[in-house]
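User: Please take a close look at one part of this model. I want the central strands and what they pair with.

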Amino acid sequence: MTGAERLLIMRHGEAAAGAPDAERALTPRGEQEAERMGRWLAARPDLEAARLRLVASPYRRARQTAARIAAPLGLEVETLALITPDDPPGAVIDWLLDEPDDRPLLLVSHMPLVAALTGLLVEGRPERGPGFPTAAVAELTAEVRAAGCARLARFTTPADINDQEVP
């Protein structure tokens, strides 16, 4: 990544219980969480929203979250099969290393992957990742999107955002 580029890792909004896991949908609260985070991200001039690439897990709740993020940002959502809950974070890093890093990137995925991926990128160890409340976003910066090479610049949950920050 160039100096100002970022990698944002987001957990989907609150989802209802049910089976199969891939078809679980957002609850009304989860929809509100995702919409709040989307408006907050859209209001941040430092993110260069027009350049942001938005990639989501194919699971329903992640796609629903990404759609609510994409709307205020005016973005399209891509899906990526290897960012489902139990995928290995090392495989995601391999994918990141093969992708162009000339744009900020937002991944919308699941626990435990979001925590393990953040831990691996920042600490070099997947078990060192933070707990992610629903719809939380970890903002990382790095020269190279590789294990142990990132810095956690910011960690934000829907509850952290005050009403002045959300249009």
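Analyst: Here is a close look at two neighbouring strands and their partners.

This is a predicted model, with residues numbered from 1 along each chain as its sequence is written. Local features need pLDDT of at least 70, side-chain atom pairs count only at pLDDT 80 or more, totals for chains, interfaces and linings use all residues, and side-chain values use heavy atoms, with hydrogens and water left out.

Start with strand S4, residues 105-109. Helices (H or I, at least four residues) and strands (E, at least two) are DSSP runs, numbered from the N terminus. In S4, 5 of the 5 residues are buried, so the strand is largely enclosed by the rest of the structure. Buried means under 20% relative accessible area, with a 1.4 Å probe and protein chains only. Leu 105, Leu 107 and Ser 109 point one way, and Leu 106 and Val 108 the other. In a regular strand the side chains alternate between the two faces of the sheet.

S4 pairs with strand S1 (residues 7-11) in the parallel sense over 5 bridges. Two strands pair if DSSP finds at least two bridges between them. Arg 11 stands opposite Ser 109.

S4 also pairs with S2, again parallel, over 4 bridges. Arg 53 has Leu 105 as its bridge partner. Val 55 stands opposite Leu 107.

Now S2 itself, residues 53-56. Both its faces are covered. Arg 53 and Val 55 lie on one side, Leu 54 and Ala 56 on the other, and all are buried. S2 pairs in the parallel sense with strand S3 (residues 77-79) over 3 bridges. There, Leu 54 has Val 77 as its bridge partner.

How values were computed
Buried means under 20% relative accessible area, exposed over 50%, partly exposed in between (1.4 Å probe, protein chains only).
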